[in-house]
Amino acid sequence: MKIIKLQSEKLLIKKAIDNKREAQKQLFEQHSPKMLGVCRQYVKDLHHAEDLMLQGFLKVFKNLDKFKFQGSFEGWVRKIMVNTCISYLRKKNIFDLTDEEYVFNDAATESLENTSVADIQKLIDSLPEGYKMVFNLYAIEGYKHSEIAQKLSISESTSKSQLFKARKLLQQNYTKMNTIIHENE
């Protein structure tokens, strides 16, 4: 069944490259829910995230002929969405990335097993934009600090310090959230 899906997606992509609107619509409908989630990870406001997703899809369809059918199509689209969000945040200059030295440790954090996805998203949304950007690129997208530094035009140590501060703030906010929940029980 998966082989049929891959073949049909490849055919859809080829038709979309030939500007077949129905194929473009199907690709959009297949991937837009997940890609909205990707944009939402970077931008708190749902309406802005939707706008960025649409901008991202415009780039996808404009550059579809550059997709070489190596790796997953979804991964290729995801990368475009992430880059669209980064460009938007950069232009808005709404995040402040500083180059500060921190001692890093990977101390265990509290378990998130009983935390809902919505609560985790709220915790991430509570981060300042710069922290959130680096956190998402590192923890969710899997970029290395050297790649983040290049993408955001910052130093590797700035990327590391932003991640450190993001983790620390997430842990503090998670602890506060749990305290409030336990007080209300």
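Ser159 lies in helix H8, which spans residues 156-183, in what is a predicted model. With a relative accessibility of 0%, Ser159 counts as buried, since the cut-off for that class is under 20% relative accessible area. Apart from neighbours within four places in sequence, the residues in contact with Ser159 are Val134, His145, Ile148 and Ile154.

A short way back along the chain is the loop between H7 and H8, where Ser153 is found. Ser153 has a positive phi of about 55 degrees, although it is not a glycine. Its relative accessibility is 60%, so Ser153 counts as exposed, the threshold being over 50%. A positive phi, here of about 60 degrees, also occurs at Asn19, again a residue that is not a glycine. Asn19 is placed in the loop between H1 and H2.

These elements belong to a protein with eight helices and zero strands. Read along the sequence, the pattern is accordingly α-α-α-α-α-α-α-α. The protein has 185 residues, of which 37% are buried. Among contacts with a separation of 6 or more, 69% join residues 24 or more positions apart.

The interior may be approached through the largest nonpolar core, which holds 44 residues. The members that touch the most other members are Tyr42, Val60, Phe73, Met81, Leu137 and Leu152. At least two residues of this core come from each of helix H1 (2-17), helix H2 (21-42), H3, H4, helix H5 (117-125), helix H6 (129-140), helix H7 (145-152) and H8. H4 gives the most, with nine residues.

The packing of H4 can be followed on two partners, beginning with H3. Helix H3 (residues 46-62) and helix H4 (residues 73-92) pack at an angle of about 125 degrees, and their axes are 9 Å apart. That angle makes H3 oblique to H4. The crossing of the two helices is right-handed. On the H3 side, the contact is made by His48, Leu52, Met53, Gln55, Gly56, Phe57, Lys59 and Val60. H4 contributes Phe73, Trp76, Val77, Ile80, Met81, Thr84, Cys85 and Tyr88. By class, the residues of this contact divide into 11 nonpolar, four polar and one charged.

Val60 offers a local view of the H3 and H4 contact. Leaving aside neighbours within four places in sequence, Val60 is in contact with Phe73, Trp76, Val77, Ile80 and Met81. Each of these five residues is listed on the H4 side of the contact. Val60, Phe73 and Met81 are also among the core residues that touch the most other members.

The second partner is H6. H4 and H6 pack at an angle of about 165 degrees, with 12 Å between their axes. The two helices are therefore roughly antiparallel to each other, as angles over 145 degrees fall in that class. The crossing of H4 and H6 is left-handed. Here H4 presents Arg78, Val82, Ile86 and Leu89, while H6 supplies Glu129, Met133, Leu137 and Ile140. Six residues of this contact are nonpolar, none is polar and two are charged. Leu137, on the H6 side of the contact, is another of the core residues that touch the most other members.

Key: Residues numbered from 1 in each chain as written. Predicted model: local features only at pLDDT ≥ 70, side-chain atom pairs only at ≥ 80, totals over all residues. Heavy atoms only, no water. Axes fitted to C-alpha atoms, helices over the stretch in contact; angles between N-to-C directions. Helix = DSSP H or I, 4+ residues; strand = E, 2+ residues; numbered from the N terminus. Parallel < 35°, antiparallel > 145°, perpendicular 65-115°, else oblique. Left-handed = near helix turned anticlockwise from the far one by under 90°. Contact = heavy atoms within 4.5 Å. Nonpolar A, V, L, I, M, F, W, Y, C, P; charged D, E, K, R; others polar. Buried < 20%, exposed > 50% of the residue type's maximum accessible area, 1.4 Å probe, protein only. Core = buried A, V, L, I, M, F, W, Y, C linked by side-chain atoms within 4.5 Å.
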